[in-house]
Amino acid sequence: MNEKIIDGKKVRKEKELKLQEKVMTLKEKLTLVVISIAFDEASQVYIRQKELLAKKIGYNFINLHFDTILEEDLIKEIEKLNEDKNITGIIVQLPLPSYLNKERILNSISPLKDVDGLTNTNFLKLTKKEPSLIPCTPKGIISLLDYYKIALKEKRVVIVGRSELVGLPLFHLLLNKDATVTLCHSKTKNLKQYTKLADILIVAVGKKDLITEDMVKDGVIIIDVGINRVDGKLYGDVDSACFKKARLMTPVPGGVGPMTVISLMENVYLAKKLQEDKLEK
Ligand code: NAD
């Protein structure tokens with residue numbers, strides 16, 4: 001095994017065992033619902049991955065699928081699930097068909113059941129360091145950094161990509177941990193001048209080889225979130241030649257990907273705890 005590799009599969013396995021043990025001690029079985037609309041091949045693969053892991057952890061898993069549905073009816077379905085005491089976590093599988101208002105639909109999920117962490121309420125809590133459900137990929141990245149004991153305080157972290165799913169929540173999470181964070185995006189001019197300075201570089205764009213060897217400094221730690229399928233093979237956003245300069249780097253596949261799905265399962269458990277805390281208050 002390349003000693004520079006940040007091994008997401010190994011960390012996920014350990015987290016999986018720990019979570020299974022905790023779930024076994026619960027009096028009732030938790031239930032995760034994934035709502036999907038229309039057919040999307042990639043989504044089917046992701047839903048199947050979630051189902052397999054949820055069942056392995058010991059959760060019930062429900063895929064509520066609609067070939068097509070009116071926005072008002074979908075919101076009513078979500079509200080029913082919000083009220084249902086037997087449902088712990090709710091996800092709306094993205095992307096949604098364009099006739100549906102993503103923002104409105106996601107925000108109709110109860111923040112206490114929002115295990116993808118995509119409601120405005122949970123985002124605001126994240127920025128204010130309040131206990132909340134955090135988006136799964138950023139949560140998984142923080143877990144990886146923690147596992148490898150990568151200090152963040154006083155470090156210069158550069159994130160490339162500012163999506164609501166990855167880059168933006170990650171920016172706040174890292175800031176909360178006292179890193180000095182720069183957030184680059186498609187309108188950033190001369191990306192290299194920023195990436196070159198990074199002690200820790202996190203790339204979430206979706207462009208194969210966006211980051212090349214000349215754009216990073218020696219000893220950098222690289223977290224490659226990108227998933228790019230080319231001729232049936234998966235690649236990240238970072239050219240693998242960067243391994244030469246990096247102190248540590250995630251591979252694609254096998255780096256961030258496995259952490260995203262285990263973080264979702266951790267969120268289901270956390271959602272239950274947050275719901276119980278709310279009842280006690
Ligand atoms: P997105 O399309 O929503 O956002 C992409 C971001 O990249 C935008 O903020 C944009 O400003 C920025 N960008 C585009 N071109 C750029 C350029 N040339 N220079 C700098 N910034 C640029 O994508 P997303 O949902 O954040 O996903 C990003 C990538 O991460 C995709 O490949 C996706 O498949 C992958 N992803 C992986 C996981 C995982 O679990 N491994 C999870 C989520 C997303």
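**Ligand shell and parallel strands in a predicted model**

Good morning. I begin with one contact: a polar backbone atom of Ser 186 lies 3.0 Å from an oxygen atom of the ligand. Please bear in mind throughout that the model is a predicted one.

Two side chains also make polar contacts with the ligand. Thr 260 places a polar side-chain atom 2.7 Å from an oxygen atom of the ligand. Lys 207, for its part, has a polar side-chain atom 3.0 Å from a nitrogen atom of the ligand. How much of the ligand does the protein bury? On its own the ligand exposes 860 Å², and 72% of that is buried by the protein.

Let me turn to the surroundings of the ligand. The shell consists of 20 residues, and the closest are Arg 162, Ser 163, Ser 186, Ile 227 and Thr 260. Ser 186 and Thr 260 have already appeared, the former through its backbone and the latter through its side chain. Which helix gives the most to this shell? That is helix α9, residues 256-280, which contributes three residues.

Next, a pair of strands. Strand β4, residues 156-160, runs parallel to strand β5, residues 180-184, and five bridges join the two. Within this pairing, Arg 156 has Thr 180 of β5 as its bridge partner. Between the two strands the chain passes through helix α7, residues 167-176, in a right-handed β-α-β crossover.

I now come to the open sheet. Its three strands are paired in parallel and follow the order β2-β1-β3. The edges are formed by β2, residues 60-66, and β3, residues 89-92, each of which pairs on one side only. On average, neighbouring strands in this sheet are turned by 15° against each other, with direction ignored.

How many bridges join β1 to β2? Strand β1, residues 31-37, is joined to β2 by seven bridges, and the two strands run parallel. Two positions illustrate the register: Leu 32 stands opposite Phe 61 in β2, and Ile 37 stands opposite Phe 66 in the β2 strand.

Helix α2, residues 41-57, packs on this sheet and touches β1, β2 and β3. The direction of α2 makes about 160° with that of β2. Together, β1, α2 and β2 form a right-handed β-α-β unit.

To close, I return to the two right-handed arrangements: one is the crossover from β4 through α7 to β5, and the other is the unit made by β1, α2 and β2. Thank you for your attention.

Notes. Residues numbered from 1 in each chain as written. Predicted model: local features only at pLDDT ≥ 70, side-chain atom pairs only at ≥ 80, totals over all residues. Heavy atoms only, no water. Pairing = 2+ DSSP bridges. Helix = DSSP H or I, 4+ residues; strand = E, 2+ residues; numbered from the N terminus. Axes fitted to C-alpha atoms, helices over the stretch in contact; angles between N-to-C directions. Contact = heavy atoms within 4.5 Å. Right-handed = clockwise from strand over helix to strand, strands pointing away. Near = heavy atom within 4 Å. Polar contact = N/O pair within 3.5 Å; in protein donor to acceptor, adjacent residues only side chain to side chain. Areas by Shrake-Rupley, 256 points an atom, 1.4 Å probe, with all protein chains shown as cover.
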